Amino acid sequence: MCDGDARRALSALEIGVLSCPDDPARFTLEVAQDSIQRKVMNFDPTGDTHYDLASALIKSMRGSDPQAAIYWLARLLESSEDPRFISRRVVICASEDVGNADPQALVVAMAAQQAVFEFVGLPECQLALSQAVIYLATAPKSNAATVAIGKARADVRSGRTLAVPTHLRDAHYQGAAKLGHGVGYQYSHDRPDGFADQAYLPEERTYYVPTDRGLESEIMRRLEAWSARRKGGNDAS
């Protein structure tokens, strides 16, 4: 509860001992709590409370409730939770629950984690964590990126392995040209609009389906436009 401040711990101990003149050796939890003048939380860093509070924080950010999210962050901090653990949960939430609806969320979360890990300890690092938690809670939400990698990895594990198309294979090593590697590959940046109509998988698969929230609405518009050009064979040259 003293956050590594030995002077504060010794002062609390002295106050506690002096407050029990009849039995100074009886230094109980209640005496310690009164001496430190700070509420002692019932918290086990390896038990249910640890995971319940972390779960409440994540679900509140996902549920777009900044008031609840800040409360659960405060509960974790007041319970002496390692701020590095909290920052890792915040980073995960940024990708899992906000994703490309607001890609800046991951930047904010990573900046908070860097502040916690490398620059600022308690109590000041609570400011970076608070900013990141509020940003995530108030950002538009999408789990499309989470769903996409889950579906793709499930396909890789359980389905037939797809071969890399010949035109996408590495053509830099000696002998690659004789195998036809890279032949027919269209360099996207050579096209006026940076789009080359060519196959990147040997068969059609759909993993990433953007939502209509935040930046993903714009991503959806781009994907639909590119898909229409592929189907119509209407690539610009």
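**Salt bridges, a helix pair and a nonpolar patch**

Asp97 and Arg62 pair up in a salt bridge, with their closest N and O atoms 2.8 Å apart. This pair ties together distant parts of the chain: Asp97 sits in helix α5 and Arg62 in helix α3 (residues 48-62), 35 residues apart. The two partners have different surroundings in this predicted model. Asp97 has a relative accessible area of 7%, so it counts as buried, the cut-off being under 20%. Arg62, at 35% relative accessibility, is partly exposed.

The Asp97 pair is one of seven salt bridges in the structure. As a general point, side chains of opposite charge can pair when their charged atoms come close. Another such pair is Arg84 with Asp82, where the closest N and O atoms are 3.0 Å apart. Here Arg84 is partly exposed, with a relative accessible area of 42%, and Asp82 is partly exposed too, at 27%.

Further along the chain, Arg205 and Glu203 also meet through their side chains, in a salt bridge of 2.8 Å from N to O. Relative accessibility comes to 28% for Arg205, which makes this residue partly exposed, and to 29% for Glu203, also partly exposed. The pair does not stand alone: Asp155 joins Glu203 and Arg205 in a network of salt bridges.

Back to helix α5, which holds Asp97. Helix α5 spans residues 83-98 and packs with helix α6, residues 104-119, at an angle of about 170 degrees, the two axes lying 9 Å apart. Because angles over 145 degrees count as roughly antiparallel, α5 is roughly antiparallel to α6. On the α5 side, the contact is made by Pro83, Arg84, Ser87, Arg88, Val90, Val91, Ala94, Ser95 and Val98. On the α6 side, the residues are Ala105, Leu106, Ala109, Met110, Gln113, Val116 and Phe117. Arg84 thus turns up twice, in the helix contact and in the salt bridge with Asp82.

Now for the surface. Leu10, Leu13 and Phe27 together make a nonpolar surface patch of about 280 Å². Within this trio, Phe27 is found in the loop between α1 (6-18) and α2 (29-36). How buried or exposed is Phe27? With a relative accessible area of 34%, Phe27 is partly exposed. That value also clears the bar for a patch, because patch residues need over 30% relative accessible area.

Notes:
Residues numbered from 1 in each chain as written. Predicted model: local features only at pLDDT ≥ 70, side-chain atom pairs only at ≥ 80, totals over all residues. Heavy atoms only, no water. Patch = residues over 30% accessible without salt bridge, like charges linked within 9 Å, V, L, I, M, F, W, Y side chains within 5 Å. Areas by Shrake-Rupley, 256 points an atom, 1.4 Å probe, with all protein chains shown as cover. Salt bridge = Lys/Arg side-chain N within 4 Å of Asp/Glu carboxyl O. Helix = DSSP H or I, 4+ residues; strand = E, 2+ residues; numbered from the N terminus. Buried < 20%, exposed > 50% of the residue type's maximum accessible area, 1.4 Å probe, protein only. Axes fitted to C-alpha atoms, helices over the stretch in contact; angles between N-to-C directions. Parallel < 35°, antiparallel > 145°, perpendicular 65-115°, else oblique. Contact = heavy atoms within 4.5 Å.
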